[in-house]
Amino acid sequence: MVSASGRLLEGFRKWYYNAAGFNKLGLMRDDTLYENDDVKAALKRLPENAYNERLFRIKRALDLSMKQQILPEEQWVKYEEDKKYLEPYLKEVIRERLEREEWDKK
């Protein structure tokens, strides 16, 4: 029973990922995060090549969007290929911020 609900949930995640449409513009999930202070700090910690790849994906997506086009299907980012490249840096930034806030309370 557990594996059936897990497969159903995974199927829903894949469906939602494709329905969101950002992958059709060549974007990854972390490219679409709202850039609050935590995300901006995490972006500064990215390795230069990862940061440049992110900028390329965003610029290409903007260009495609203005032309009202999408990438050919073979260039879409697939659910399985989408890695959360920013997540480790973001978790670290949030942990440090919470620690700093806790320290300031004392």
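This passage walks through the overall form of the protein chain, then one of its helices, and then a handful of single residues.

The structure described here is a predicted model. A good place to begin is with the secondary structure: the protein chain has 4 helices and 0 strands, and reading along the sequence gives the pattern α-α-α-α. The radius of gyration is 17 Å, well over the 13 Å that the globule rule gives for 106 residues, so the protein chain is more spread out than a compact globule. The C-alpha trace can also be described by its extent along the principal axes, where the protein chain spans about 55 × 45 × 20 Å.

How much of such a chain is hidden from its surroundings? Of the 106 residues in the protein chain, 26% are buried. The protein chain exposes about 8200 Å², and carbon and sulfur atoms supply 56% of that area. Charged side chains can be counted too: there are 22 positive and 21 negative ones, and the centres of the two sets lie 2 Å apart. As for how the chain meets itself, one can take the contacts between residues at least 6 apart in sequence; 81% of these join residues at least 24 apart.

Helix 2 is a friendly example for learning how a helix can have two sides. This helix covers residues 37–45, and its buried residues are Asp 38, Val 39, Ala 42 and Leu 43. Seen down the axis of helix 2, these buried residues fall within an arc of 135°, so they line one face of the helix. The general geometry helps here: an α-helix has 3.6 residues a turn, so residues three or four places apart point the same way. On the face of helix 2 turned away from the buried side sit the exposed residues Asp 37 and Lys 44. What, then, covers the buried residues of helix 2? The cover includes helix 3 (48–66) and helix 4 (87–105).

Helix 3 itself offers two residues worth a look. Arg 57 lies in this helix and, at 10% relative accessibility, counts as buried because the cut-off for burial is under 20%. Leaving aside residues up to four places away in sequence, Arg 57 touches Gly 26, Leu 27, Met 28, Asp 31 and Tyr 85. Leu 62 is also found in helix 3. With a relative accessible area of 52%, Leu 62 is exposed. The C-alpha atoms of Leu 62 and Arg 45 are separated by 24 Å, the two residues being 17 apart along the chain.

Helix 1, which covers residues 2–20, holds Ser 3, and Lys 14 lies in helix 1 as well. Ser 3 counts as partly exposed at 46% relative accessibility, and Lys 14 counts as partly exposed at 31%. How far apart in space are Ser 3 and Gln 68, which are 65 residues apart in sequence? From C-alpha to C-alpha, Ser 3 and Gln 68 are 40 Å apart. Lys 14 and Tyr 79 are likewise 65 residues apart in sequence, and their C-alpha atoms are 6.2 Å apart in space. Not counting residues up to four places away in sequence, Lys 14 touches Tyr 79 and Glu 80.

Conventions:
Residues numbered from 1 in each chain as written. Predicted model: local features only at pLDDT ≥ 70, side-chain atom pairs only at ≥ 80, totals over all residues. Heavy atoms only, no water. Rg over C-alpha atoms; globule rule 2.2 N^0.38 Å. Buried < 20%, exposed > 50% of the residue type's maximum accessible area, 1.4 Å probe, protein only. Contact = heavy atoms within 4.5 Å. Areas by Shrake-Rupley, 256 points an atom, 1.4 Å probe, with all protein chains shown as cover. Lys, Arg positive; Asp, Glu negative; His and termini not counted. Charge placed at Lys NZ, Arg CZ, Asp CG, Glu CD. Arc of directions from axis to C-beta.
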